[in-house]
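Here is a walk through one chain and its ligand, with the odd corners of the backbone included. Have the viewer open and follow along.

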Amino acid sequence: MPETGCRDTPILKQRGQHEVFCGLTGIIWLHRKMQDAFFLVVGSRTCAHLLQSAAGVMIFAEPRFGTAILEETDLAGLKDAQDELERVVTDLLARRSDIRQLFLVGSCPSEVIKLDLGRAAEKLSARHAPKVRVLNYSGSGIETTFTEGEDACLAAMVPVLPNTDQRQLMLVGALPDVVEDQALDLLAKLGIENVSVLPARTLDSGIAVGPNTVFALTQPFLGGTHAALERRGARHIPAPFPFGEEGTTAWLWAVAREFGVEQACFDAVTDAPRARARHAVAKAASTLSGKSIFFFPDSQLEIPLARFLTRECGMHAIEVSAPFIHKGIVGPDLDLLAEGPTIAEGQDVDLQLERCRASRPDLTVCGLGLANPLEAEGLATKWAIELVFSPVHFYEQAGDLAGLFSRPLRRRDMLKLEAAE
Ligand code: SF4
């Protein structure tokens, strides 16, 4: 632990214009994770384009998402829009018998016309139960950031989970299947039984919640889901996030302690993957060590990543900003992040750009909209969104995570060399 961490560092609150993607983006990874779900965005052509371009080649696969386009005429006739939505859903479910969970996803246009998706979901759920469950959440871009879509989606599922009194662990956050399997394997080797995952891969997974449920978050952007689970009586296990060797060990140890796992057993299970992770991180860390980094607020992974990059890769953080700072969730990471960087919440993009230019960081982590202009000014950047799309959690991905940050620096060095020749 550093002598003084950043938990009590005064937070620079920024409340100005911000540059972020909206919560619809989460559909791109959620639809891969939940194999019997369909995400129906109730939005405009802009929303449809965003999804199609973000989803890239996936559009050619059998899609598990689509957009019910609100035409201009719908903006005038609310009743027609409700009827039309019900018709679209009925047609979709008749055509696609593989759909067991349908999410009606709100957007800016549906919110502007105050389309009541909650009521529509209830009505449609009653009509199509028990085969299909219909839920709703908002992916709207007004005052949000792109990872909030997953949070809203998971939070929408919590109230309808069945009750259980069983003592159990719930992992919360959508991880690529291969990473989720690695985590479940480590927990099984530690002797922890009754582990469920939210979001479950299918509706029939048997996932339930109750007063004897403890949960560990695998993503730091799940504030709404955290609150919804607590309302169902579950208890959160606070821990640093499982990024890098140290973060993964601290996360696993917090869970292990909760279940009374002995230190000797813990060491026997984790020693070998810890050594592999340290070795893999060390390779990339030689490029990163001594370099400075500046985080714009975007993915909400910023604080745990700053902890990883400063402690395990030897980087120096200048500013670490996140869209929201929930100390109940990122407090353990703030404890480990040594005092020094500016900790900021929210965004005032022009002022922040000035601070970034003045400090000339070696690497800037930011959204796509800021990356190109900053690159043109000679600053190396990393797209925050890539960190959410890539497998980066737990021991076996620790080296890849460090590599995501070292690559832009190595590329810059190579370009400099070529220019000099
Ligand atoms: S939800 Fe809003 S911000 Fe997102 S694509 Fe649709 S209109 Fe744009």
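Helix α2, residues 45-55, supplies three residues to the shell around the ligand, and that is the largest share. This is a predicted model, so read everything below with that in mind. The full list around the ligand runs Cys22, Leu24, Gly43, Ser44, Thr46, Cys47, Leu50, Ser107, Cys108, Gly139, Ser140 and Gly141. What is the chemical make-up of that shell, in terms of nonpolar, polar and charged residues? It splits into seven polar and five nonpolar residues, with no charged ones.

Gly106 is a handy place to go next. It belongs to strand β4 and is buried, with 23 other C-beta atoms within 10 Å. Beyond the residues up to four places away in sequence, Gly106 touches Val42, Glu111, Leu117, Asn136, Tyr137, Ser138, Gly139 and Ser140. Two of those names, Gly139 and Ser140, also appear in the list around the ligand. For a sense of scale, the C-alpha atoms of Gly106 and Ile27 are 12 Å apart, with their positions 79 residues apart along the chain.

Now for the packing. The largest nonpolar core holds 122 residues, and the ones with the most contacts inside it are Phe39, Leu40, Val42, Phe103, Leu104 and Val105. Take Phe103 as an example: leaving out residues up to four places away in sequence, it touches Ala37, Phe39, Leu40, Leu135, Asn136, Tyr137 and Cys153. Phe39 and Leu40 are therefore both partners of Phe103 and fellow members of that most-connected set, given that contact here is a C-beta pair within 7 Å.

Cys153 leads us to helix α7, where it is one of the buried residues. How many of the residues of α7 are buried? The count is 10 of 10 for this helix, residues 148-157, so "mostly covered" is a fair label by the cut-off of 20 or more other C-beta atoms within 10 Å. The buried residues include the acidic-looking trio of names Glu148, Glu150 and Asp151, along with Gly149, Ala152, Cys153, Leu154, Ala155, Ala156 and Met157. They pack against α1 (27-33), the strands β4 (101-106), β5 (133-138), β6 (168-172) and β7 (195-198), and α9 (223-231).

Ala155 shows one piece of that packing. It sits in α7 and counts as buried with 20 C-beta neighbours inside 10 Å. Setting aside neighbours within four places in sequence, Ala155 is in contact with Gly224, Thr225 and Ala228. On the other hand, Ser390, 235 residues away along the chain, has its C-alpha atom 23 Å from that of Ala155.

Over to a helix pair. Two packed helices are described by the angle between their axes and the distance between the axes. For α10 (residues 244-258) and α12 (residues 302-311), the axes come within 8 Å and cross at roughly 125 degrees. The two helices are therefore oblique to each other. Gly244, Glu246 and Gly247 make the contact from the α10 side, while Pro304, Arg307, Phe308 and Arg311 make it from the α12 side. By type, the contact of α10 with α12 has three charged, two polar and two nonpolar residues.

Why does α12 count as largely enclosed by the rest of the structure? Because nine of its 10 residues are buried. The buried ones are Glu302, Ile303, Pro304, Leu305, Ala306, Arg307, Phe308, Leu309 and Thr310.

Last, the backbone oddities. Most residues other than glycine have a negative phi, and most peptide bonds are trans. These four spots go the other way:

| Site | Backbone feature | Value |
|---|---|---|
| Ala129 and Pro130 | cis peptide bond | omega about 0 degrees |
| Leu198 and Pro199 | cis peptide bond | omega about 5 degrees |
| Asn194 | positive phi | about 55 degrees |
| Phe394 | positive phi | near 70 degrees |

Where do they sit? Pro130 lies in the loop between α6 (117-128) and β5, and Pro199 in the loop between β7 and β8 (213-217). Asn194 is in the loop between α8 (177-189) and β7, whereas Phe394 is in the loop between α16 (384-389) and α17 (398-420). Are the two positive-phi residues buried or partly exposed? Asn194 is partly exposed, with 13 other C-beta atoms within 10 Å, but Phe394 is buried, with 26.

Note on methods
Residues numbered from 1 in each chain as written. Predicted model: local features only at pLDDT ≥ 70, side-chain atom pairs only at ≥ 80, totals over all residues. Core = buried A, V, L, I, M, F, W, Y, C linked by C-beta atoms within 7 Å. Buried ≥ 20, exposed ≤ 12 C-beta atoms within 10 Å, placed from the backbone. Contact = placed C-beta atoms within 7 Å. Near = placed C-beta within 6 Å. Helix = DSSP H or I, 4+ residues; strand = E, 2+ residues; numbered from the N terminus. Nonpolar A, V, L, I, M, F, W, Y, C, P; charged D, E, K, R; others polar. Axes fitted to C-alpha atoms, helices over the stretch in contact; angles between N-to-C directions. Parallel < 35°, antiparallel > 145°, perpendicular 65-115°, else oblique.
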